[in-house]
Amino acid sequence: MTATSPALELRGITKRFGDLVANDGVDFDVRGGEVHALLGENGAGKTTVMRIAYGLTQADAGEVLVHGQRIDLRSPRDAIAAGIGMVTQHFALVAPMTVAENLALGRATGLRLDLDDARRRVADAADRFGMRVDPAARVENLSVGQQQRVEILKALSRDCRVLILDEPTAVLVPGEVDALFATLRSLVADGLAVVFISHKLAEVRAISDRVSVLRRGRLVATVDGDTNERELASMMVGRPSFGVERPSDAGPELREPVLRISDLHAAGSHGLEALASVTLDVGAGEIVGVAGVSGNGQTELVDVLSGMRAPSSGSIVVGDTDLTGADPTRMMAAGIGRIPEDRHASLVGDLSVAYNLVLERLDDFRAGGRIDGRRIREHAVALIERFDIRAGPDDPVASLSGGNIQKVLLARVLSRDPRVVVVSQPTRGLDIGATEYVRSQLLERRAAGAAILLVSEDLDELLALADRLVVLYEGRIVGEMPTTGVDVDRLGMLMAGRGEAA
Amino acid sequence: MRRITVRSTPVLVILAVLLTFLITAGPIILAGANPIAAYAAYLVVPLTSQFTLLEVLVSATPILLTGAAVAIAFRAGYWNIGAEGQLLLGAIAAAGIGTMVGDLPPVLALPVMVVGGALAGAAWALVPALLRVRFGIDEVVTTLLLNPVALLLVNGLLHGPWRDPETGFPESARIAASAEFPTLIERSRLHIGFLIAIAVIGVAWYVLVRTPTGLRLRAAGLSPHGARFAGINVSRTLLGAALMSGAIAGLAGVGEVAGIQNRLTSGISPGYGYTGIVVATLGTLTMPGVALAGLFLGDLTVGASSAARSLGIPSQLGAVVQGVLLLTTIALLTQRRYRARAAAPPAAPPAAEVASG
Ligand SMILES: Nc1ncnc2c1ncn2[C@@H]1O[C@H](COP(=O)(O)OP(=O)(O)OP(=O)(O)O)[C@@H](O)[C@H]1O
Ligand SMILES: [Mg+2]
């Protein structure tokens, strides 16, 4: 392999956003037939450097080489022409169109859409790489995992030789991750070069031939794919990491229920019943984990508790307050802190970090009839410091890295000392340090007597944090169990809808 | 992203202006004039005498108001295309009230008429706003469709009950002297409506930028979902913005009746409501921008009519320049938005963005 040049090589990439150096002389290369992982904390510059390689962002300095040839990347079109494909975390698919139409759009040069060609490519990909999708299916009806497959197909159908995947597994459930990895392995066997960005060290080790670590914009090391997790973690954060776990104290035996949900029914986005007879109490100082494969009512449950979706029947009570059908304002007034899984939609991207941090309670930040700009700023500076948000108070939230956007929402909620926390996928997309921090914050809220409902697809997270688990399947609670000494097989069966058969 | 927005917005607008000159040079040459001379006549000549300078302010008055009206609604994400109709309702109210308040001193007559006109404009804006908030019916269509209805109302009144009894012309009776807007400068047409416009813009700026209400309104416009999630009552915010917008547009109608015509005529507005959309867009939906754009278009309007006389080119070319200007501005600003979106992680899933436009 030594004689051939890398499929993609970045040399001395530097990128500044104002005073912030997002990339500082980054050297990176990936060869055909290998998976090269890119690791780093939130805001380390992973997305930025790959956006540069894909022509979405222009570097201030440095060069990009494809098979040893310097190329000029002014837009993704140039990158695509050079055989580079990228799947970003937010997919760029046209939702109401079919898979075949989306693929054809991606290749369309003139006005004609070559649907036959698109269908052929879908069939071909299914044969060669085991990626199955229905070319006639509408994208909006596909699961996230399937949409991602369509994005990968789109890149492949443009004959890319380098495939960049930005946190592809953050949106996938465990089974889908395995399928993605199987696909990647066969693509790599076919000679493709893959860049894989992730925060999950176990995944990185499982799939990568080499690993590069970015810290605060600089490349700190490129190491072998089987380097152990401890070492990788300490390269990322500059110190060894410690797992955060719920203290094994069982807590008071009889917890006073704070959040009481009874016989809750709610319709989903398509009008079908998404929640059916959900009855659930969460006690003070208790974390109740909601396990389940995504799409089984978790989103609707969180929406209802956030005040964003009206239940069709049933009741929600916090303390003595009946909150059935309450709007977000009343939910917040009752002390519910809400962290849904879609952070982008829960914030106002074009407003600054400082404004977003106070948007829920502007009336606390006024001086007479005016908004008190100085106090809003001080508040923001304090939270930025406390939650280690890598951004300035005046930056629009939309310009932040994925993990930092998340921290903004977490800071907004947790800084208000909520007595009930409803949180979905709290650490998705967060780096190890931030994950530890968020988990310790949730445990701190628990110690302070808050009732916490934790929705997560990450079983390890549920097992580490929750006192008790409930399993949601097709909108119903199909099982409940304490976390201590949990029978993982039984949990898996419940999640798969196999009832109490096991 | 913010950097891009702040720094290059004025640059883009200026670019749009230059581009407009380039594009409209063709028609001007076809009309037999030298484009350079025409632009000088459009933009510079009106500023060279006191009379025309004051006329610029007179022409700017209604479009400063409709521009502010449109900008406020657009900032909230409420696409009010109905400023024209709301202006006409304000004019009807002013003409009606103006003829009835003859016994009152101006200190009472004027406020009654101004408030009445604002309420009439707001009332005309109410139904589309309710339809949008309650049933999700697209306000672009409803507000637009109500404009010709308002004009029919004006003409119905002028050809029916309000026809001038003395002349028999389709014009309403002259309003009472105490209801006429005082002029600001002797022997000019510049009336206190101009001061009202400036005050409205100042207050609107303060509210938008400095108050919680303004921040809520902006948040609702930028991300309705995110705003609702943060406890902002987006429906109420939209309703409030729509009514405010209607009221301000109504004031423009009051100014034309009480300050210029002193009666209701069917030609009371040559499309000031639509020009307001141009002003708001050109002013990038900010109040200082609206002020500048309103004055600029006022200049252009006065210039176009004098150029028609001095250079013998059709005065409609002024409207052509305005139309082209709207298109170039929108084109450049939209393109900027796409760039900004491409340069930063999108705030909304791109799938939805692509799907919606
Ligand atoms: N368009 C932009 N304008 C201003 N700052 C930006 C822009 N894009 C990225 N940044 C900043 O550059 C830094 C690097 O961001 P980047 O998205 O590359 O991080 P990342 O390593 O992908 O993080 P994460 O793991 O959270 O996704 C961050 O501090 C981010 O706020
Ligand atoms: Mg990233």
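**Environment of ligand 1 in the predicted complex**

In this predicted model, ligand 1 is surrounded by 21 residues (a residue is near a molecule if one of its heavy atoms lies within 4 Å of it). The closest are Gly43(A), Lys46(A), Thr47(A), Thr48(A) and Ser401(A). Ligand 1 is placed between chains A and B. By class, the shell comprises seven nonpolar, ten polar and four charged residues (nonpolar: Ala, Val, Leu, Ile, Met, Phe, Trp, Tyr, Cys and Pro; charged: Asp, Glu, Lys and Arg; polar: the others, Gly among them).

In chain A, β2 (20-30), α1 (46-53) and α14 (402-414) each contribute at least two shell residues, and α1(A) gives the most, with three. Helices (H or I, at least four residues) and strands (E, at least two) are DSSP runs numbered from the N terminus.

Oxygen atoms of ligand 1 lie 2.8 Å from a side-chain N or O atom of Lys46(A) and 3.4 Å from one of Glu167(A). A backbone N or O atom of Gly403(A) is 2.8 Å from an oxygen atom of the ligand. The protein buries 92% of the 640 Å² that ligand 1 exposes when taken alone (accessible areas by the Shrake-Rupley method with a 1.4 Å probe).

The predictor assigns the complex an ipTM of 0.85 and a pTM of 0.81. Chain B has a mean pLDDT (the predictor's confidence in each residue, from 0 to 100) of 88, with 92% of its residues at 70 or more.

Residues are numbered from 1 along each chain as its sequence is written, with chains lettered from A and ligands numbered from 1 in the order in which they are written. Local features need pLDDT of at least 70 and side-chain atom pairs count only at pLDDT 80 or more, whereas totals for chains, interfaces and linings use all residues; side-chain values use heavy atoms, with hydrogens and water left out.

How values were computed:
A polar contact is a pair of N or O atoms within 3.5 Å; within protein, one must be able to donate a hydrogen and the other to accept it, and residues adjacent in sequence count only if both atoms are side-chain atoms.
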